[in-house]
Amino acid sequence: MSESAQASLLFTPLTCRGFTAPNRVMVSPMQQYASDDSGRASDFHLVQLGRFAMGGAGMVIAEATAIEPIGRMSHMDLGLWSDEQVAPLTRIAAFIASQGSIPGIQLVHAGRKGSMQAPWDGMGPLTEADTARGEEPWETIGPSAISPGSGWSVPREMTAAEIVQNVALWAAAARRAAQAGFRIIDLHGAHGYLLHAFLSPISNHRTDAYGGSLKNRMRYPLEVVSAIRAAIPDDCALFYRLSVLDGIEGGWTEDDSLVFCRELLARGVDLIDCSSGGAISDRSSDVRVRRGYAFHAPYSRKLRQNLDGGLVATVGLIVDPHQAEAVLQAGDADVVAIGRELLEDPNWPHHARSALNGESYDDWPQESGWWLDKRVGALRKLKEAGETPMTRYETLAP
Ligand SMILES: Cc1cc2nc3c(=O)[nH]c(=O)nc-3n(C[C@H](O)[C@H](O)[C@H](O)COP(=O)(O)O)c2cc1C
């Protein structure tokens with residue numbers, strides 16, 4: 001790496017457990033709805049995630065991957081509930097690593113927000129009408145028998161015995177993820193899915209050891225974290241995506257998050273990824289955080305300032321290299337997670353590095369970078385000669 005590449009914080013390497021990521025850009029997990037009902041990763045996943053790695057992101061986190069079939073959001077989601085799902089993911093993790101990025105994967109149980117349509121089919125609950133498309137609705141589960149919103153079905157309340165079995169499913173899926181070569185296991189503890197549903201008083205009305213007090217509501221997610229930490233190698237990092245607040249009267253709060261994050265760190269979580277909202281599926285009354293630029297930065301900042309150790313990531317409309325650098329320089333986070341901007345431009349990290357550290361193709365895959373470097377000289381000569389791409393056409397007679 002050239003001397004100037006050390007100049008920005010965004011392109012300062014990040015060491016965590018057994019890996020060193022080349023920079024602090026993390027691909028935020030994004031469901032692609034590109035699997036078939038088997039939950040196996042497809043070539044689409046390989047290409048999409050592979051492009052992000054080729055684009056220079058330091059860490060690439062594969063989408064929310066279900067720990068059991070009813071833990072999926074939709075029929076098209078990835079799963080890691082079976083050994084048969086490991087091989088295609090192994091290929092993806094290996095490719096990401098071959099490009100110098102750190103491969104990670106998010107694990108999820110959708111809980112009461114499962115059995116859902118793809119965004120382009122409405123993003124609502126599956127109904128009998130969807131069966132014609134081959135997408136039958138399934139019975140969902142949750143901490144309590146409370147529907148996530150109008151039109152959504154009422155989940156079946158999990159028994160204490162089911163909770164114990166469910167914790168074991170998380171551990172098994174995490175073990176498979178590590179076996180597939182992922183160096184980061186990211187838990188989807190946000191957006192109203194099962195881990196979050198236990199935390200939030202909106203969705204958890206239990207009266208046993210898993211409900212009521214904050215301590216009891218934290219019990220299931222903390223059991224999941226401990227089981228996973230015990231199931232994966234020490235050098236494998238554990239990240240946790242948290243809805244820092246529900247933004248709803250009577251819901252989960254920032255203060256609750258602080259208490260919870262201290263417990264997560266004590267159990268071996270390495271990074272808290274700050275998101276928000278999603279406790280209910282009713283978009284009109286889900287009072288979420290206003291979606292401005294870097295909209296979770298105030299929350300990640302608060303956690304970072306108040307937690308003793310541990311890394312913090314922030315996500316949400318981080319779109320510009322200087323903005324991403326400012327987030328880190330201001331101490332709002334240690335890592336920036338980027339979603340849609342990378343869909344728009346998978347080479348965003350390479351462009352950001354040039355914008356912050358000076359134009360260079362050194363970090364691009366040499367199959368492109370070698371040629372692009374030569375192209376700079378060719379274009380410079382044309383510019384010096386006063387030519388533009390339109391010169392020929394402006395001078396041609398109509
Ligand atoms: C297509 C798409 C799929 C998503 N899937 C997931 C997911 O699987 N897990 C998750 O935690 N967040 C998911 N999200 C949320 C993103 O990870 C991210 O937090 C959000 O888009 C805000 O960041 P951005 O403004 O950089 O896109 C998804 C977002 C998009 C656009």
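## Exercises on a predicted model

Let's start with Val335, which touches Leu14, Arg24, Met26, Met59, Leu271, Val312, Ala313, Thr314 and Leu328, leaving aside residues up to four places away in sequence; contact here means heavy atoms within 4.5 Å. This is a predicted model, where local features need pLDDT of at least 70, side-chain atom pairs count only at pLDDT 80 or more, and totals for chains, interfaces and linings use all residues. Residues are numbered from 1 along each chain as its sequence is written, and side-chain values use heavy atoms, with hydrogens and water left out.

**Exercise 1.** Place Val335 in the fold and decide whether Val335 counts as buried or exposed.

*Solution.* First, find the element: Val335 sits in strand 13 (residues 335-338). Helices (H or I, at least four residues) and strands (E, at least two) are DSSP runs, numbered from the N terminus. Next, take the accessibility: Val335 counts as buried because its relative accessibility is 0%. The cut-offs are under 20% relative accessible area for buried, over 50% for exposed, and partly exposed in between (1.4 Å probe, protein chains only). Finally, check a distant partner: Met59 is 276 residues away along the chain, yet the two C-alpha atoms are separated by 9.7 Å.

**Exercise 2.** Do the same for Ser82, starting from its place in the chain.

*Solution.* Ser82 lies in the loop between strand 5 (78-79) and helix 2 (86-98). Ser82 has 18% relative accessibility, so it counts as buried. Then compare sequence and space: Ile67 is 15 residues from Ser82 in sequence and 8.7 Å away, C-alpha to C-alpha.

**Exercise 3.** Compare the span of helix 3 with its expected value, then look at what follows the helix.

*Solution.* Helix 3 has 20 residues, and from first C-alpha to last it reaches 29 Å, close to the 28 Å expected at 1.5 Å a residue. The expected span is 1.5 Å times one less than the number of residues. Its buried residues include Glu162, Trp170 and Arg176. After helix 3 comes Gly181, with a positive phi near 105°.

**Exercise 4.** Describe how helix 5 meets helix 6.

*Solution.* Begin with the geometry: the axes of helix 5 (residues 214-231) and helix 6 (residues 254-266) come within 11 Å and cross at roughly 35°. Axes are lines fitted to C-alpha atoms, for helices over the stretch in contact, with angles from 0 to 180 degrees between N-to-C directions. Now list the contact residues: among them are Met218 and Leu222 of helix 5, and Val259 and Phe260 of helix 6.
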